[in-house]
Amino acid sequence: MGLTILYRVLCLLGGYACGLIETGVIYGKLKGVDIRQHGSGNLGMTNALRVLGPKAGLVVFIGDLLKAFIPCLIVNLVMRNFYPDTYLIYVMYTGLGAVLGHNYPFYMNFKGGKGISSSAGAILGLLNPWMCLILLTVFVIAVLITRYISVGSITLMVAYFTTFTIFALNGWLCFDKSIPESNDALIEGIILSGIFATLAIVRHKSNIGRLIRHEENRFSFHKSEDVK
């Protein structure tokens, strides 16, 4: 038990270290722009898209996704050989660490992004194509209907919690409810997926306020006028 707890801590810390790579800040500086000083001031894809255009948005999205996906993929491929009934827990801790690193980088006074791209990378790291397909569909439909990235992001993460719970309880993931340790990991996984969803909602608190006041910016591929 002590060793598995240590693995959880190491996965969380390793993920956090990877999450500290702020793609938006790096790309912005290469273009001579500090995106923290423009638009919403956020470090993620949406603000990069608005401030620097579609290419920047795509680069930041891929970078923020990969910094969660790559460590999650490595942990997935390694730990499934040693803990076939619980390995997804270690993947989830790694992904959660990456999201926390992105959202709360210690060297930027814990002011980072909103973690949706990194959360997507963590979800991809589970290597469950059906879950990914369902969640991608949910996100796209939500954005197409509302034209709000924030609504799509929140919907995505709530759907992740719901989908993970359904998959886990129906035996469609690695967990075996007949094995006490694996059943405990199943419950832990559901709690972790809830933490992912809660983080997304908390980080979008300002967006929710603007949505209520009808002040939220709708999705657009056009670059903001305050950066030339």
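Here are four short exercises on the packing of this predicted model, each with a worked solution.

**Exercise 1. Work out how the rings of Y160 and F196 are arranged, and which parts of the chain they connect.**

Solution. Start with the overall tally: the structure holds eight aromatic pairs. Y160 and F196 make up one of them, with ring centres 5.7 Å apart and planes at 85°. An angle over 60 degrees counts as edge-to-face, so that's the label for Y160 and F196. Next, place the two residues. Y160 sits in helix α8 (residues 149-169) and F196 in helix α9 (residues 180-203), so the pair ties together parts that are 36 residues apart in sequence. Finally, check accessibility: Y160 is buried at 2% relative accessible area, and F196 is buried with a value of 2%.

Now try a second pair. F167 and W172 are also edge-to-face, at 5.3 Å centre to centre and 90° between the planes. F167 is buried, with a relative accessible area of 9%.

**Exercise 2. Find the aromatic cluster that Y160 and F196 belong to, then look at what surrounds F175.**

Solution. Y160 and F196 share one aromatic cluster with F164 and F175. Now take F175 and skip its neighbours within four places in sequence. What's left in contact with F175 is D85, T86, L88, I89, F164, A168, S182, A185 and L186. Notice that F164 turns up again here, as a contact of F175 and as a fellow member of the cluster.

**Exercise 3. Map the nonpolar cores and say which helix gives the most to the largest one.**

Solution. First, size: the largest nonpolar core has 39 residues. Inside this core, M157, Y160, F164 and F175 have the most contacts. Next, the suppliers: α4 (54-82), α5 (87-103), α6 (116-124), α7 (129-146), α8 and α9 each put in at least two residues. The top contributor is α5, with nine residues. Don't stop there, though: a second, separate core has eight residues, including Y27, I35, A56 and V60.

**Exercise 4. Decide whether C72 and C132 are bonded or unbonded, and buried or exposed.**

Solution. Searching the whole structure turns up zero disulfides. For C72, the nearest cysteine sulfur belongs to C11 and is 8.8 Å away. A disulfide needs sulfurs within 2.5 Å, so C72 is in none. For C132, the closest cysteine sulfur is in C72, 11 Å off, which is too far for a bond. As for accessibility, C72 is buried at 0% relative accessible area, and C132 is buried at 17%.

Definitions and conventions:
Residues are numbered from 1 along each chain as its sequence is written. This is a predicted model: local features need pLDDT of at least 70, side-chain atom pairs count only at pLDDT 80 or more; totals for chains, interfaces and linings use all residues. Side-chain values use heavy atoms; hydrogens and water are left out. Rings of Phe, Tyr and Trp (its six-membered ring) pair if their centres lie within 6.5 Å; planes under 30 degrees apart count as stacked, over 60 as edge-to-face and the rest as tilted. Helices (H or I, at least four residues) and strands (E, at least two) are DSSP runs, numbered from the N terminus. Buried means under 20% relative accessible area, exposed over 50%, partly exposed in between (1.4 Å probe, protein chains only). A nonpolar core is a set of buried Ala, Val, Leu, Ile, Met, Phe, Trp, Tyr and Cys residues joined through side-chain atoms within 4.5 Å. Contact means heavy atoms within 4.5 Å.
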